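Please open the model in your viewer and keep the selection tool at hand. The tour begins with the whole chain and then moves on to a single part of it.

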Amino acid sequence: MSANLINLRTIQFSDKFALLSQQFGSRLQGLVGQGQYQGKQASPVNQVAPTAAVAVTERFTPIDRQDATFDRRWVFPLPFEHAQLVDKFDELQMLGDPKPSLVMNAANAMGRAKDAVILGAFFATAKTGELAAGSVAFGSTLTTAGGQNVSVQQGASAATNLTVAKLREVVKTFLTNNVDLDREQITGALNAKAHDSLLGEIQVTSMDYQTKPVLEEGRIRRFMGINFVLTEEVTNACQGTDDLAGSSIGIPFWVNSGMHLGVWIDQTTNITQRTDLKLQPWQIYMDMMIGATRIEEKKVVRVWCR
């Protein structure tokens, strides 16, 4: 063995590309109503308010009309794009092709943008009226006073995160609002902190309170008739000031018909060579145009979690 073989030692690099930890795609798109549109704005639905039947107490008297109230909700498009360039000379000096990983990375970014748009619409002011001249705010009234906001201290003497008491208030609020839970499914978008708070509730984890296990490999996917989806996007998108003037996350709970995603064009991918740029790099380009709105306040509940 020669002592000079040390001069021939090599370095090996990988030709594989791995995406760093991130949310893969949209987790909310399939959980809200959706429609395809064109134009500068669109109305997903014409709304008809309930009326009441009138008892007949006299004969041969004039007929009284029961006029329903009509309204519209509006959704407005927001354009998004995601562009990346890959220099062909850089490719020649590296192992492996980075383009497939860059395409997946861009698709994930566009999916998270969809969730951000939907989350932003849960408690935003919704546009109404014949041509979107009116508006309806979500408001801050608590469920105990007829509103759609569950107090940060619901069922406790101080502020708490997500608890069974708050979930009970969510279900009660939907039932009070005459939301048909035999036809519609309640969904809640939780961040990791809210999910962990539920794990600390004995009613959730103990089989003494369940007919079948709630936990699936340490995760709560469904409880009290509510489906849960986990997304950390809710942490930033739904942060606000709770009913005790503290900083909290407003965890959204909704049924499908209560929210709407308008799609002008869903995410499209175009990989082309940019002949207008020096060295003619490859461009990985994605774009989409979407918008979201709340359809009905009574079908959305905000739970303050601190």
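What follows is a walk through a predicted model, from the whole chain down to one helix and what comes just after it.

Begin by selecting the whole protein chain and showing it as a cartoon, where you can look for 6 helices and 17 strands. Turn the view along the principal axes, and the C-alpha atoms fill a box of roughly 115 × 55 × 35 Å. The radius of gyration of the protein chain is 26 Å, whereas a compact globule of 306 residues would have one near 19 Å.

Next, switch on a surface for the protein chain, which exposes about 17900 Å², with carbon and sulfur atoms supplying 52% of that area. Beneath this view, 39% of the 306 residues count as buried. If you display contacts with a separation of 6 or more, residues 24 or more positions apart account for 77% of them. Colouring by charge brings up 29 positive and 30 negative charges, whose mean positions lie 1 Å apart.

Now select residues 164-176, which form helix H3. How far apart are its end C-alpha atoms? They are 18 Å apart, which agrees with the expected span, because 13 residues at 1.5 Å a residue should also give 18 Å.

Keep H3 selected and show its side chains, since several residues here are worth picking out one by one: Val164, Lys166, Leu167, Glu169, Val170, Val171, Thr173 and Phe174 are buried.

Finally, step along to Asn178, just after H3, where the backbone takes a positive phi of about 65°.

Methods:
Residues numbered from 1 in each chain as written. Predicted model: local features only at pLDDT ≥ 70, side-chain atom pairs only at ≥ 80, totals over all residues. Heavy atoms only, no water. Helix = DSSP H or I, 4+ residues; strand = E, 2+ residues; numbered from the N terminus. Rg over C-alpha atoms; globule rule 2.2 N^0.38 Å. Buried < 20%, exposed > 50% of the residue type's maximum accessible area, 1.4 Å probe, protein only. Contact = heavy atoms within 4.5 Å. Areas by Shrake-Rupley, 256 points an atom, 1.4 Å probe, with all protein chains shown as cover. Lys, Arg positive; Asp, Glu negative; His and termini not counted. Charge placed at Lys NZ, Arg CZ, Asp CG, Glu CD. Expected span 1.5 Å × (residues − 1).
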